[in-house]
Amino acid sequence: MLQIPSRIPILFTDDIIVMPGSSSVIKVDRSRDLNLVKYVIAHTTSLRSCIIGTIPRTLPMEKPKHPIGTAVIIMQISGMDEPPSKYMLLVHGLCRISVERITQNTPYVVAQVTQIGKWPFEPDDNIPNDGDLPLLSSKLRQSAIQLVNALDVNKEVLIHLKTLLKKLPDHALPDLLASMLHMRKDKKMEMLNCLDALERIQRIYPLIMERIENVKLVKIKKDLAGSFPNGNKIGKKDLQILNEEGLIKDDKLIMTPKRDHDSLADGLECLEKKLKSVGLPPNVSKVAMRELQRLKKMPSALPEHSVLLNYLELLTDLPWCISTTDTLDLQKAKEDLDKDHHSMEILKKRVLEYLAVQKLKHRGANIGGLILCFVGPPGVGKTSIGRSIAKTLGRKFHRISLGGVCDQSDIRGHRRTYIGSMPGRIISGLKSVGANNPVFLLDEVDKLGKGLQGDPGAALLEVLDAEQNHSFVDHYLNVPFDLSNILFIATANITSTIPSALLDRMEILEVPGYTEEEKITICKKHLWPKQLDVHGLHNINNGAKPDISEEAIKKVVKMYTREAGVRELDRKLASICRAVAVQATSNSQAPLVDIGVDDLPTILGPQKFDRTDLLILSKPGVAAGLAWTKTGGELMYVEASCMDRGQMDESSIGKIILTGQLGDVMKESAQLAVSWVRSNVKKTDLKGPKLSNSDIHLHFPAGAVGKDGPSAGITIATALVSLLSGKLVRSDIAMTGEITLQGRVLPVGGIKEKVLAAHRAGINKVLLPAQNRRDVITELPHDVCEAMDIQYVGSIEEVLENAFLDEVRIPIQCEALMNNSSKL
Ligand SMILES: Nc1ncnc2c1ncn2[C@@H]1O[C@H](COP(=O)(O)OP(=O)(O)OP(=O)(O)O)[C@@H](O)[C@H]1O
């Protein structure tokens, strides 16, 4: 027995009135309704267990005290979470409800409701089985079957409808018929508000009879059409004839279906013409024509009708043979790219190479689909250079944000078997740009999720694979579309979370963070003029344009931001522009035209960072390392401490305690460093605690941020040696490098980011693995190389030589090995 909960979430509907026993598609795009989808429907484990109420929206003056609505279950949900968010819900009506009171208004509406009646297929004891009702009901059932017989529908639909009409209990029949008939909203609302079963039958019966008449008339009209001079249009004279033949009542030809039918027929004709003119490939055209024929035979009242119509319209909207012409002027392209973005030389070079090849391709050469992937910290311009590449090439641009996408139908679309199904983002994107060779920016490809609904990464593989993507089949479209002309550009912060098969198909281009000098130039040339534009400050007070001094920019970069990219810097400039705008529009103050260092504290508040806020290492057991994170390089201190082993501990060696959310590789690296220290610092004359008698605790602040990778190896070893020797590590030195059991120092990644982070933090000396010398030469800007004292180390011994203020004499056991290690 169906029991509706007494408190259920409510969805207000505009045009749709859901009748009990019928299915409807509801569009959800208002914010409170979107919240309902996000917070309630998306969180249920099974969609069908989620019962909500739908209430038709009424005008304020006719608002009833206890509105009547329908309790529904959700059958299917589809849509986009990307702004502007929009969902389509396929719902099935259960029974009427009466709203007693609204108990919650935000973030979505919840109401206390009373259930009215039962589920259509449940026998209702309150309905009398003698008297007028069964009699009228059987008449209605016969008429409904007569109407269905008269309709021009295919055999299966006919059988289905007739079985349904025969099976339905008396009390549910009028509701189902009301959902099938074309009725005005107010009439349908009256049906919903009508709580008496007999009265419902009395209301629907004349409508069914009228519809039977209309269908008959349409048929007669069709038969007679040839004999009228106007073809399908019936004139006054013709009406006279029809009247004489008794086919017209009260001088009126009530033909709601006639109008629908005609406009529909016109629409279908138009659609057919379009399908023939958009250049569908032969195999697609065959499918389209077959579906069109099916559509023509289908009654428009069937939900599948609109599904098929939408599908065919999509076929006409897709750019099957529309493409933009590439601008292949290399010189101009270089100028354009330089104009939009400072630095980023590797990227620009690669784009120019691509253009050169494209130019040759036009002369007969051929290259496979190109997929570039820009990897780098946030705010370094990965997305915006993608946009500028499209502009340079003269192609359309479309951005697809993949962050958090965990359903493969987001990429490949939903199968068309359900109402409310939609194509995937690739096909939707092509529809919106209207050209088949756009630049598609797949943003945040490293944040693709994996959910119960399949792996979107696998779906992307098919999109990006040059071998397959010339015949990509979207589930909704169900015919192949050639994606090989699209220039795909992906962006990511890190490569480690990109599925390896996907990574394999992309050409990785690293976009490292900027140096201070680069940031200042970007600010002067790009960000400041852009912010002036955005804030309408290009022309304040007699053409004067606010200017910001280089010193002020430098201070904002150094003291108010600490980032690899320029996003925060951009935000700070926006704050400055807002302050200037306020002054420019207030009558009491003179407009601020030259912004200097002294204006910054009033506008931006106290500075956030201080060059001198580096840790002055005042205790043994601490060393500064350099870490690479997805937001750029960072200075990371490693802390080591020793304590007596616990009484209960029977083992011969002390424990190693690691804290600071370390990944597996980093844990192993810490163990390696400890083992090296244990095995090489034995016969010691060191003053600190003895390793063999102690538990070692290594901590990596900040504890809440996850860390991984082997590059902290030499820093951990240095911190331990400092602890054991009681000597301080130099405060002005930072290091990075992987350690081996033999004490060799191996190369690590992210060198540019790490050195820049040290530079930003005011550290002047860094220890880097000898094998990373090449990266420093090729990646680091000259001014940073000049400013930094970079020491290359091949063994941990060399690290220790450089890391301490006074020389630390460590009696290393296998000295010969250590001395040779840098040559290994
Ligand atoms: N080299 C540059 N020259 C000019 N402007 C730049 C440069 N680098 C970044 N910008 C500007 O910085 C802002 C942020 O860039 P963008 O949004 O493209 O960063 P992103 O690397 O895509 O970041 P995320 O990884 O967070 O998506 C943009 O306004 C962009 O124009």
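Here are two worked exercises on a predicted model.

**Exercise 1: two helices side by side**

Work out how helix α9 and helix α10 are oriented relative to each other, and which residues make their contact.

*Solution.*
- Step 1: Find the helices. You'll see α9 at residues 282–297 and α10 at residues 303–317.
- Step 2: Look at the axes. They come within 10 Å and cross at roughly 150 degrees.
- Step 3: Compare that with the cut-off. Angles over 145 degrees count as roughly antiparallel, so α9 and α10 are roughly antiparallel to each other.
- Step 4: Check the handedness. The crossing of α9 and α10 is left-handed.
- Step 5: List who touches whom. From α9 come A288, E291, L292, R294 and L295, and from α10 come H305, L308, L309, Y311, L312 and L315.
- Step 6: Sort the contact residues by class. The contact of α9 with α10 has 8 nonpolar, 1 polar and 2 charged residues.

**Exercise 2: around the ligand**

Describe the shell around the ligand: how many residues surround the ligand, and which elements and domains supply them?

*Solution.*
- Step 1: Count. The ligand has 19 residues around it, and the closest are P378, G381, K382, T383 and S384.
- Step 2: Pick out the elements giving two or more residues to the shell. These are α13 (382–393), α18 (516–534) and α20 (567–585).
- Step 3: Find the top contributor. That's α13, which gives the most, with 3 residues.
- Step 4: Sort by class. The shell divides into 5 nonpolar, 11 polar and 3 charged residues.
- Step 5: Zoom out to domains. Domain 4 (330–510) and domain 5 (519–604) each supply at least three residues of the shell.

Definitions and conventions. Residues numbered from 1 in each chain as written. Predicted model: local features only at pLDDT ≥ 70, side-chain atom pairs only at ≥ 80, totals over all residues. Axes fitted to C-alpha atoms, helices over the stretch in contact; angles between N-to-C directions. Helix = DSSP H or I, 4+ residues; strand = E, 2+ residues; numbered from the N terminus. Parallel < 35°, antiparallel > 145°, perpendicular 65-115°, else oblique. Left-handed = near helix turned anticlockwise from the far one by under 90°. Contact = placed C-beta atoms within 7 Å. Nonpolar A, V, L, I, M, F, W, Y, C, P; charged D, E, K, R; others polar. Near = placed C-beta within 6 Å. Domains from an automatic or database assignment.
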